[in-house]
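Here is a short report on the packing and charge pairing in one chain. Look at the sequence and the fold first.

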Amino acid sequence: MPLQCMTAYIEFEISEGAYEVSCPDAMCPAQGIITMAEISALASPSLVEKHHRYRLNREVELDRFRTWCPKAGCETICRVGGGTPPNAAQQTSSSSCADRIVTLSPSSSSMPSPCAVHCHTCREDFCSGCKKAWHPLMSCEENSRRLAVDGQADALGIPFDNDLIKCCPMCTVPIEKDEGCAQMMCKRCKHVFCWYCLASLDDDFLLRHYDKGPCKNKLGHSRASVVWHRAQVIGIFAGFGILLLVASPLLLLAAPCIVCCKCRICSGAAKLEETEVDYDDVAVALHSSNPR
C-alpha cells in the first residue's frame, strides 16, 4: 500500500476512536496490528496524542477499579475500592496532555460496590456509582431524587444546560445536540435513544416512538420523510424475505448436486492416494529385484 494511503488509513482509524489499528490488507495472513512506533512514524504528533488518549479512556472504562474524577477540569484517574491511597499523582510524558494518572495496585477479582472515591488532585470525594458528590446515608437513586427535588446542580461533573447537552443513558458520556432530529446515536457505545425522554430506540426501526406519548411529532422530520423511511425499512425486510423464499427451493435442489460433487472429489482423492501407494510398491519391488 502506498505511504499516503497508509497514512490516511491510520488517521481515519484514530479519528474514529479505534483502540488498535489493524492491518488494512484483508488478505494479510498474520492479521497483525500496527505498532505504536509505526503509528508515530506515519501520523502527526497531535493524532498520536489523541490515539494515546483514546486508549487510556478505553482502558479506564474497562477497568472496574479505576475511574475518572468527574470534577470539571480535573483529569485524574482515581482508584475505586479499599487500599492505601497513593502518595502523589504522576504526570504523563506528553506536554500537551494534562492528565494526572494515579498509580494503582493490582486489582482483585471482586466487583467493588458503590463507595467513596477520593481524588488526590482536587481533594474531592465522589461516589463510584453515580459519579456525584459522596452520599454516605442514601443510595444513588435516593440521592438523585433528592437533588432533583431540591433543584440543586451537582457540584461535580460538567456544568451544562440540559436543553443542549445530555448524557448517554447507556455509557453516560455527555452529548451535545446543536441541530438535527431527535433520534440520537452515541458515538462511543453506538446506543440509539430519544433526545427528549432518553428512551431506547435500538429496536425501533420504524420510529414508532414518535407516534404517541410525550414525544409525539417531535422527531424533527416531516411526516412524508418518516413515511418514506418506514417504506424503505419495510422494503428491505420484504426484499430479504422474498430472496430467502426464492433461494430456499434452489438450495434444496442444488444440495444433492453439491453432495455428489463433494463425494466425487473425495473418491478421486482416495483413488489418487491408492495409485501413489501402488507406484511406491512397484518402486520398492523393482529396487529389491535389482540388488547391487
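Which residues have the most contacts inside the largest nonpolar core? They are Cys168, Ile175, Phe193, Trp195, Tyr210 and Leu219, in a core of 17 residues. The model is a predicted one. Strand β10, residues 192-194, gives the most to this core, with 3 residues.

Cysteine 168 deserves a closer look. Leaving out residues up to four places away in sequence, cysteine 168 touches Val173, Ile175, Cys186, Cys189, His191 and Phe193. Ile175 and Phe193 also belong to the group with the most contacts inside the core.

Another core lies apart from this one. That core has 10 residues, among them Met6, Ile14, Ile34 and Val48. In soluble globular proteins, nonpolar side chains tend to be buried together.

Next comes helix α3. Helix α3 covers residues 45-62. Its 18 residues reach 26 Å from the first C-alpha to the last, close to the 26 Å expected at 1.5 Å a residue. Buried residues in α3 are Leu47, Val48, Glu49, His51, Leu56 and Val60. An α-helix has 3.6 residues a turn, so residues three or four places apart point the same way.

Now the charged side chains. Side chains of opposite charge can pair when their charged atoms come close. With a cut-off of 4 Å between side-chain nitrogen and carboxyl oxygen, the count comes to 6 salt bridges. The table gives three pairs with their N to O distances and relative accessible areas.

| Pair | N to O distance | Relative accessible area |
|---|---|---|
| Arginine 53 and glutamate 75 | 3.7 Å | 24% and 30% |
| Arginine 66 and aspartate 63 | 2.9 Å | 18% and 22% |
| Glutamate 124 and lysine 71 | 3.7 Å | 28% and 30% |

Start with arginine 53 and glutamate 75, whose side chains meet in a salt bridge. This pair links distant parts of the chain, 22 residues apart. Arginine 53 sits in helix α3, and glutamate 75 in the loop between β1 (66-68) and β2 (76-79). Arginine 53 is partly exposed, and so is glutamate 75.

Glutamate 124 and lysine 71 also form a salt bridge. Their pair joins distant parts of the chain too, 53 residues apart. Glutamate 124 is in the loop between β5 (116-118) and β6 (125-127), while lysine 71 is in the loop between β1 and β2.

Is arginine 66 buried or exposed? Arginine 66 is buried, because its relative accessible area is 18% and the cut-off is under 20%. Its salt-bridge partner is aspartate 63. Aspartate 63 counts as partly exposed at 22%.

Farther along the chain, Asp211, Arg223 and Arg230 are linked in a network of salt bridges.

Histidine 135 lies in the loop between β6 and α4 (140-150). Histidine 135 is buried, at 8% relative accessibility. Leaving aside neighbours within four places in sequence, histidine 135 is in contact with Cys127, Cys130, Cys140 and Asn143.

Last, the surface. Ile242, Val246, Leu250 and Leu253 make a nonpolar patch of about 420 Å². Leucine 253 is found in helix α5, which covers residues 223-289. Leucine 253 is exposed, because its relative accessible area of 63% is over the 50% cut-off.

Notes
Residues numbered from 1 in each chain as written. Predicted model: local features only at pLDDT ≥ 70, side-chain atom pairs only at ≥ 80, totals over all residues. Heavy atoms only, no water. Patch = residues over 30% accessible without salt bridge, like charges linked within 9 Å, V, L, I, M, F, W, Y side chains within 5 Å. Areas by Shrake-Rupley, 256 points an atom, 1.4 Å probe, with all protein chains shown as cover. Helix = DSSP H or I, 4+ residues; strand = E, 2+ residues; numbered from the N terminus. Buried < 20%, exposed > 50% of the residue type's maximum accessible area, 1.4 Å probe, protein only. Contact = heavy atoms within 4.5 Å. Core = buried A, V, L, I, M, F, W, Y, C linked by side-chain atoms within 4.5 Å. Expected span 1.5 Å × (residues − 1).
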